[in-house]
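Subject: Structure for your review

Dear colleague,

Please find below the structure that I am handing over to you, followed by an account of what was found in it. I should be grateful if you would read the two side by side.

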Amino acid sequence: QYGRSDNPEVVTFGTDSQPYDVPTIQLSLDNPTGAGLMVRLFSDSGATQERIMGAALRSRDPKTGDKLESSPFKDEVESSNKDPMVTESRAAAKKSPSLTPKKVDKKGRYGYAVHWDDGAIIIYSVLSIARAAGGIQK
């Protein structure tokens with residue numbers, strides 16, 4: 001089949017050795033919080049769902065998913081890695097428009113355009129999205 005590889009990109013998450021196919025990614029807005037994105041990846045025997053905060057995606061290279069050391073959002077990523085048991089009210093957790101995704105559009109087979117509240121539109125490869133979600137490339 002045209003455009004299909006016999007050896008697609010795969011990632012794993014944490015201690016789970018299950019390989020997830022990167023081209024199967026589905027990306028959507030995280031509607032309950034509005035501050036991030038939901039990523040779904042699929043494998044031969046299951047699926048996983050991961051959340052990406054806006055700062056984690058904005059501080060990555062859109063093509064490769066490498067962390068950008070010079071990113072102005074780098075400090076936001078570190079502060080968003082708080083204890084998951086601690087919650088904040090919506091008023092207290094007001095996010096910067098540059099870290100709030102507004103819309104997501106699929107772009108071809110291997111990318112998504114993320115429209116940010118500050119007006120930026122950035123097209124991310126599915127590999128960069130998987131890596132921002134915590135995926136480890138194999």
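Arg-131 is partly exposed in this predicted model, with a relative accessible area of 21%. Its salt-bridge partner is Asp-66, and the closest N and O atoms of the two are 2.8 Å apart. The pair links distant parts of the chain, since Asp-66 lies in the loop between α1 and α2 (74–80) and Arg-131 in helix α3 (residues 126–132), 65 residues apart. Asp-66 is likewise partly exposed, at a relative accessible area of 37%.

The other salt bridges

The structure holds 4 salt bridges. As general background, side chains of opposite charge can pair when their charged atoms come close. Two further examples deserve a description.

One of them joins the side chains of Asp-118 and Arg-58, with an N to O distance of 3.5 Å. Here too distant parts of the chain are linked: Asp-118 is in the loop between β6 (111–116) and β7 (121–125), while Arg-58 belongs to helix α1 (residues 54–58), and the two positions lie 60 residues apart in numbering. Asp-118 is partly exposed, with a relative accessible area of 38%, whereas Arg-58 is buried, with a value of 12%.

Another brings together the side chains of Arg-51 and Asp-30, at 2.4 Å from N to O. Arg-51 lies in strand β4 (residues 47–53) and Asp-30 in the loop between β2 and β3, so this salt bridge ties together parts that are 21 residues apart in sequence. Which side of this pair is buried, and which is partly exposed? Asp-30 counts as buried, at 2% relative accessibility, whereas Arg-51 is partly exposed, with a relative accessible area of 46%.

The sheet

Strand β4 also has a place in an open sheet of 5 strands, which has the order β4-β3-β2-β1-β8 and antiparallel pairing. β4 and β8 (135–137) stand at the edges with a single partner strand each, so one side of each is left without a neighbour in the sheet. From one strand to the next, the twist averages 50°.

Within this sheet, strand β1 (residues 10–13) pairs with strand β2 (residues 16–29) in the antiparallel sense over 3 bridges. The bridge partner of Phe-13 in β2 is Asp-16. The two strands form a hairpin with 2 residues between them, and Gly-14 in the turn has a positive phi of about 55°.

On to the next pairing: β2 and strand β3 (residues 36–42) are antiparallel as well, over 5 bridges. In this pairing Gln-26 stands opposite Arg-40 of β3, and Ser-28 stands opposite Met-38 of β3.

The nonpolar core

Which residues have the most contacts inside the largest nonpolar core? They are Leu-57 and Ile-129, in a core of 24 residues. The elements that give two or more residues to this core are β1, β2, β3, α1, β6, β7 and α3. Of these, α3 gives the most, with 5 residues.

Ile-129 may be worth displaying with its surroundings. Leaving aside residues up to four places away in sequence, Ile-129 touches Ile-25, Leu-27, Val-39, Ile-52, Leu-57, Tyr-112 and Tyr-124.

The chain as a whole

The secondary structure of the protein chain comes to 3 helices and 8 strands. Read along the sequence, these elements follow the pattern β-β-β-β-α-α-β-β-β-α-β. The protein chain has 138 residues, of which 37% count as buried. Among the contacts with a separation of 6 or more, 44% are between residues 24 or more positions apart. The protein chain exposes about 8400 Å², and carbon and sulfur atoms supply 50% of that area.

To return to helix α3, two of the points above concern it: α3 gives the most residues to the largest nonpolar core, and Arg-131 in α3 forms a salt bridge with Asp-66.

Yours sincerely,

A colleague

Conventions
Residues are numbered from 1 along each chain as its sequence is written. This is a predicted model: local features need pLDDT of at least 70, side-chain atom pairs count only at pLDDT 80 or more; totals for chains, interfaces and linings use all residues. Side-chain values use heavy atoms; hydrogens and water are left out. Two strands pair if DSSP finds at least two bridges between them. Helices (H or I, at least four residues) and strands (E, at least two) are DSSP runs, numbered from the N terminus. Buried means under 20% relative accessible area, exposed over 50%, partly exposed in between (1.4 Å probe, protein chains only). Axes are lines fitted to C-alpha atoms, for helices over the stretch in contact, and angles run from 0 to 180 degrees between N-to-C directions. A nonpolar core is a set of buried Ala, Val, Leu, Ile, Met, Phe, Trp, Tyr and Cys residues joined through side-chain atoms within 4.5 Å. Contact means heavy atoms within 4.5 Å. Accessible areas come from the Shrake-Rupley method with a 1.4 Å probe; for residues, only the protein chains shown count as cover.
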